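Got your viewer open? Let's walk through this one together, one selection at a time.

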Amino acid sequence: HPVPYLGGVGILIGFAAAAGLAAQAKLATISIPLVVGSGILAILGLLDDRKSFRPAFKFGAQVLAVAVTLALGAWFDSTGGWVRSFTGILTIDALFSELFLLTTINAVNFIDVSDSLSATVAAVTFSLWGVNPGLTSHAAAMLAAAGAGAGFLVWNRPPASIYMGDCGSHLLGFLMGAVAL
C-alpha cells in the first residue's frame, strides 16, 4: 500500500520545539549556522517530497546548503581557524567537511524506506551523543533530536504508516554529520 513521505514535518516541528525550549531555558546554545543549514535542508527535503526533484538538482541544492552553512562559520573557532583541522589546509578541510556532511545526509535518506531503520539509528545515535560528557554544550539539542526520532517510531515501525521523507532524513542526517564533525 502507498506510504506517505511527510513524517519529517513532525520530526522538524518536534525537534525545533524541544531545541527552542532548551535554548530558552539556557540548557543549550543555538548555533545560527546550524539552524540555517538544517532549515534549508529540511525545506529542500519537504519540497522534494512534494515535487520529486531530479537527482542532479537535489544534490546541487544539498551542496549549496552545506556550503552556505560552512561559509557562515559553524566550524570556525574564535581565531578564524578550523575547529577540527584534518590537514591544516582550510580549503581541503572545508571540502572534506562538505563531503562528509553530504554523505551523512544521503546515508540517512537512503535508509528511510526501511521501516523504522533511519529513525532508530537517529534516536540511538543522538541519545548516545546527548549523554556523552564531551558534548555537554550540545546535549539538549541532541536529546531533542533523539526524542523527535523516537517519537516518530510510533508511526514508522513495521509496517510503516508514514516515512520521514527527505524533510526528516535531510534534517537528521545533517545534524548527525554536523555533531560528528
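Is Thr-104 buried or exposed? Select Thr-104 and have a look: its relative accessibility is 15%, so Thr-104 counts as buried (buried is under 20% relative accessible area, exposed over 50%, partly exposed in between, with a 1.4 Å probe and protein chains only).

Some ground rules before moving on. This is a predicted model, in which local features need pLDDT of at least 70 and side-chain atom pairs count only at pLDDT 80 or more, while totals for chains, interfaces and linings use all residues. Residues are numbered from 1 along each chain as its sequence is written, and side-chain values use heavy atoms, with hydrogens and water left out.

**Zoom out.** Colour by secondary structure and you get 7 helices and 0 strands (DSSP runs numbered from the N terminus: helices are H or I with at least four residues, strands E with at least two). Along the sequence the pattern reads α-α-α-α-α-α-α. The chain has 181 residues, and 43% of them count as buried. Of the contacts (heavy atoms within 4.5 Å) between residues at least 6 apart in sequence, 76% join residues at least 24 apart.

**Back to Thr-104, then H4 against H7.** Thr-104 sits in helix H4. Setting aside neighbours within four places in sequence, Thr-104 touches Gly-173 and Gly-177. Now select H4 (90-110) and H7 (165-180). Their axes come within 7 Å and cross at roughly 140° (axes are lines fitted to C-alpha atoms, for helices over the stretch in contact, and angles run from 0 to 180 degrees between N-to-C directions). That makes H4 oblique to H7; under 35 degrees would be roughly parallel, over 145 roughly antiparallel, 65 to 115 roughly perpendicular, and the rest is oblique. The crossing is right-handed, with the near helix turned clockwise from the far one by less than a right angle. For the H4 side of the contact, show Phe-100, Leu-101, Thr-104, Ile-105, Val-108 and Asn-109. Partners in H7 include His-170, Gly-173, Phe-174 and Met-176. By class, this contact has 8 nonpolar, 6 polar and 1 charged residues (Ala, Val, Leu, Ile, Met, Phe, Trp, Tyr, Cys and Pro are nonpolar; Asp, Glu, Lys and Arg charged; the others, Gly among them, polar).

**Stay on H4 for Asn-106.** Asn-106 is also found in H4, and at 12% relative accessibility Asn-106 counts as buried. Leaving out neighbours within four places in sequence, Asn-106 is in contact with Phe-59 and Gln-62. Try a distance label to Ser-169: the two are 63 residues apart in sequence, yet 7.8 Å apart C-alpha to C-alpha.

**Next, H3.** Select residues 55-71. Helix H3 has 17 residues, and at 1.5 Å a residue (times one less than the number of residues) the expected span is 24 Å; the end C-alpha atoms are 24 Å apart, which agrees. Its buried residues are Lys-58, Ala-61, Gln-62, Ala-65, Val-66, Thr-69 and Leu-70. Cover for them includes H2, H4 and H7. Just past the end of H3, Gly-73 takes a positive phi of about 95°.

**Last stop, H2 on H3.** Add H2 (32-51). H2 and H3 pack at about 165°, their axes 8 Å apart. That makes H2 roughly antiparallel to H3, and this crossing is right-handed. On the H2 side, look for Leu-34, Ile-40 and Leu-44 among the contact residues; on the H3 side, they include Ala-61, Ala-65 and Val-68. By class, the contact has 10 nonpolar, 3 polar and 2 charged residues.
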